[in-house]
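These are my notebook entries on one protein chain. I record below what I looked up, in the order in which I looked it up.

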Amino acid sequence: MSGPTEERLAQYRAARGAAQPAAPAAGPASAWRWGRSAQGAPRQAEAAAGPPSGWALWLVGHVPLLKFLLWLVLLGLFLELELGLPYLVVSSLYWLCTGTRGLGQRRYGEMSAYSVFNPGCQAIQGTLTAEQLERELHYRPLAGT
C-alpha cells in the first residue's frame, strides 16, 4: 500500500474506534439476550434482534388462517368487480395444484395406490383383486381356511 492510503486507513480506524461505545459491564447474560444491558437500559444496536413480540409469534402460528382471510378479502374485491366466479375457479385450481404432491414425491417405503408401481406388483390393503371378486361371486371359501 502507498503512504497516503495507509494514513487514511489509520485515521478511519481511529475514528471508528472512538465512535464505538465502550463494552458493557459484566452482568447476567439473559439481560443482554432480552434487549437490556446489565444496568437495565435498552440496547440501541441490538434491540431489533431481541425475541419476537406476541403478535409476531401469533402470526407465524396462524399462516393458513391469514391466507384464508386474504383469499376472502380478494373474493370480495373480485365480487365487486363482477369477476367472482372466475376468481373462485382459478383460485380453487391453484389450491388444488399446490395442495397435492406431484408425481414421484412419495416418501420412502410409501406404497402407490396402483399396484403396478409397487415392488413385485404388491397391492395395498383394502384393494379388491380379481381373484377376490371371483371368489366372492361364486361363494367359494377363502384359500387356506
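Entry 1. Before I list any neighbours, I note the term: two residues are in contact when heavy atoms of theirs lie within 4.5 Å. I also note that this is a predicted model.

Entry 2: Leu-66. I located Leu-66 in helix α4. Which residues does Leu-66 contact, leaving aside its neighbours within four places in sequence? I found Trp-58 and Leu-59. I then looked up the exposure of Leu-66: its relative accessibility is 31%, and partly exposed covers the range between under 20%, which is buried, and over 50%, which is exposed. Leu-66 therefore counts as partly exposed.

Entry 3: the chain as a whole. I counted six helices and zero strands. Read from the N terminus, the order of elements is α-α-α-α-α-α. The chain has 145 residues, of which 8% count as buried. I looked up its exposed surface next: the chain exposes about 12,800 Å², and carbon and sulfur atoms supply 64% of that area. I also looked at contacts between residues at least 6 apart in sequence; 4% of these join residues at least 24 apart.

Entry 4: a nonpolar patch. I returned to Leu-66, as it belongs to a nonpolar patch on the surface. The other members are Trp-55, Trp-58, Leu-59, Leu-65, Phe-68, Leu-69, Leu-72, Tyr-94 and Trp-95. Together the patch residues have about 1,000 Å² of accessible area. Which elements give two or more residues to the patch? I noted α3 (54-61), α4 (63-80) and α5 (84-99). The largest share comes from α4, with five residues.

I checked one further member, Trp-55, which is placed in helix α3. Is Trp-55 buried or exposed? Its relative accessible area is 65%, and the cut-off for exposed is over 50%, so Trp-55 is exposed.

Entry 5: α4 against α5. I looked up how these two helices are arranged. Their axes come within 8 Å and cross at roughly 150°. Angles over 145 degrees count as roughly antiparallel, and α4 and α5 are therefore roughly antiparallel to each other. On the α4 side, the contact is made by Phe-68, Trp-71, Leu-74, Leu-75, Phe-78 and Leu-79. On the α5 side, the contact is made by Gly-84, Tyr-87, Leu-88, Ser-91 and Trp-95. I noted that Phe-68 and Trp-95 appear in this contact and are also members of the nonpolar patch.

Entry 6: the loop between α4 and α5. I found Glu-82 in this loop. Glu-82 is not a glycine, although it has a positive phi of about 60°. With a relative accessible area of 71%, Glu-82 is exposed.

Entry 7: the loop between α5 and α6. I looked up two residues here. Cys-121 lies in the loop between α5 and α6 (130-137). Cys-121 is a residue other than glycine, and its phi is positive, near 55°.

Ala-123 is placed in the loop between α5 and α6. At 36% relative accessibility, Ala-123 counts as partly exposed. What does Ala-123 touch, not counting residues up to four places away in sequence? I recorded Met-111 and Ser-115. I also looked up Ala-113, which is ten residues from Ala-123 along the chain; the C-alpha atoms of the two are separated by 7.6 Å.

Methods. Residues are numbered from 1 along each chain as its sequence is written. This is a predicted model: local features need pLDDT of at least 70, side-chain atom pairs count only at pLDDT 80 or more; totals for chains, interfaces and linings use all residues. Side-chain values use heavy atoms; hydrogens and water are left out. Patches are made of residues with over 30% relative accessible area and no salt bridge: like charges are joined within 9 Å, nonpolar side chains (Val, Leu, Ile, Met, Phe, Trp, Tyr) within 5 Å. Accessible areas come from the Shrake-Rupley method with a 1.4 Å probe; for residues, only the protein chains shown count as cover. A salt bridge is a side-chain nitrogen of Lys or Arg within 4 Å of a carboxyl oxygen of Asp or Glu. Helices (H or I, at least four residues) and strands (E, at least two) are DSSP runs, numbered from the N terminus. Buried means under 20% relative accessible area, exposed over 50%, partly exposed in between (1.4 Å probe, protein chains only). Axes are lines fitted to C-alpha atoms, for helices over the stretch in contact, and angles run from 0 to 180 degrees between N-to-C directions. Angles under 35 degrees count as roughly parallel, over 145 as roughly antiparallel, 65 to 115 as roughly perpendicular and the rest as oblique.
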